[in-house]
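Reader: Before we look at the details, could you take me through the packing and the backbone of this model, giving the reasoning behind each answer?

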Amino acid sequence: MNIDASLLMQAARAAAGGQQYPAGTLYLVPTPIGNLADVSLRCLHVLALVDAVACEDTRVSGQLLHHLGLHKPLVSLHQHNEQSASAALVARLQAGERIAYVSDAGTPAVSDPGALLVAAVQQAGLRVLPLPGPSAVVTALSAAGDARAQGFAFAGFLPPKGQERRTRLQALLGSAQSQVLFEAPHRIANLLALIAELAPAQTLSVCRELTKQFETVHTDLAASMPAWLAADPQRERGEFVLVLHAEPPQAASEELPAEVSRMLARLLQELPLKQAVQIATDLSGLPRNGLYDAALQMKKAAEA
């Protein structure tokens, strides 16, 4: 870092030191998703204050602390040892220590380990104190500009391949919410091709390397995304967050084609509403929202 670490910590202490930071507390500390300048003064103060830092990868977190001029005992807690490591950390908290938990990047326990630790601490009657901060999910949503969305859902990583991947994606399409997905660089071409196949007219935002030097946010119809990606080999590198935009609601005056209406009515005789709508969506290619509304009307009419 070009800035003097001691000056940075003085600023953090001046800005955040007035608040109480009780002992025997687990502090969830978000870390930058790519740009070190995004670390907050409050996060710096807490990291300087705690007795130990539990982390997803001690190498990654050790490097971050070194950049910040901090030297803390590190405890490894990742998806393969979270249950056993949580028990040991609860014991330390019960002894009155302050413990911070950080993931490799972003907010802990959101697609990253940490949820089991939080649950164990709460079950022990101890306090969990979350700090707000960097999140790839929220950063991507803010840049997507999905003005018609009715909230959002975080889907994380889809299954890596096969029918399970296709089925999971089909369940996300046509929603009234923004759907946020993560994807690895070696699978991004496959995912964009699959979305283009299943929902070519749905708007999609592809966010690459968020907050970093080569950050890219590209929004267009899903049908155009495979060609956009192939136009520049550099576009397949880095970390990806995708936002599937909300499906526009079907106009009230728009009626289902007669054959689709008959199919949906027959499906409703044999299956639960959501399953019938999903099958009708897959077979007809029509927006799920419109089919869902039609199914609700059919069900109410049948019960009247």
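Reader: Leaving aside its neighbours within four places in sequence, which residues is leucine 47 in contact with?

Author: This is a predicted model, and the contacts of leucine 47 are counted here without its neighbours within four places in sequence. What remains is the set Val29, Val53, Leu65, Leu68, Leu70, Lys72, Ala100 and Val102.

Reader: Which residues touch the most other members of the largest nonpolar core, and which helices and strands each supply at least two residues of this core?

Author: The largest nonpolar core has 23 residues, and those that touch the most other members are Tyr27, Val29, Leu44, Val46, Leu47, Val53 and Leu68. At least two residues of this core come from each of helix H1 (5-16), helix H2 (41-49), strand S2 (52-55), helix H3 (58-67) and strand S4 (99-102).

Reader: How many residues are in the second, separate core?

Author: Among the members of this separate core are Ile188, Ala222, Leu242 and Leu244. Counted in full, the second core holds 21 residues.

Reader: Is serine 111 buried, partly exposed or exposed?

Author: Serine 111 sits in the loop between S4 and helix H5 (115-123), and has a positive phi of about 75° although it is not a glycine. Its relative accessible area is 40%, and because buried means under 20% and exposed over 50%, serine 111 is partly exposed.

Reader: Glutamate 209 also has a positive phi; is this residue buried or exposed?

Author: Glutamate 209, whose phi is near 55°, lies in the loop between strand S8 (203-208) and strand S9 (216-221). Its relative accessible area is 16%, and since the cut-off for buried is under 20%, glutamate 209 is buried.

Note on methods:
Residues are numbered from 1 along each chain as its sequence is written. This is a predicted model: local features need pLDDT of at least 70, side-chain atom pairs count only at pLDDT 80 or more; totals for chains, interfaces and linings use all residues. Side-chain values use heavy atoms; hydrogens and water are left out. A nonpolar core is a set of buried Ala, Val, Leu, Ile, Met, Phe, Trp, Tyr and Cys residues joined through side-chain atoms within 4.5 Å. Buried means under 20% relative accessible area, exposed over 50%, partly exposed in between (1.4 Å probe, protein chains only). Helices (H or I, at least four residues) and strands (E, at least two) are DSSP runs, numbered from the N terminus. Contact means heavy atoms within 4.5 Å.
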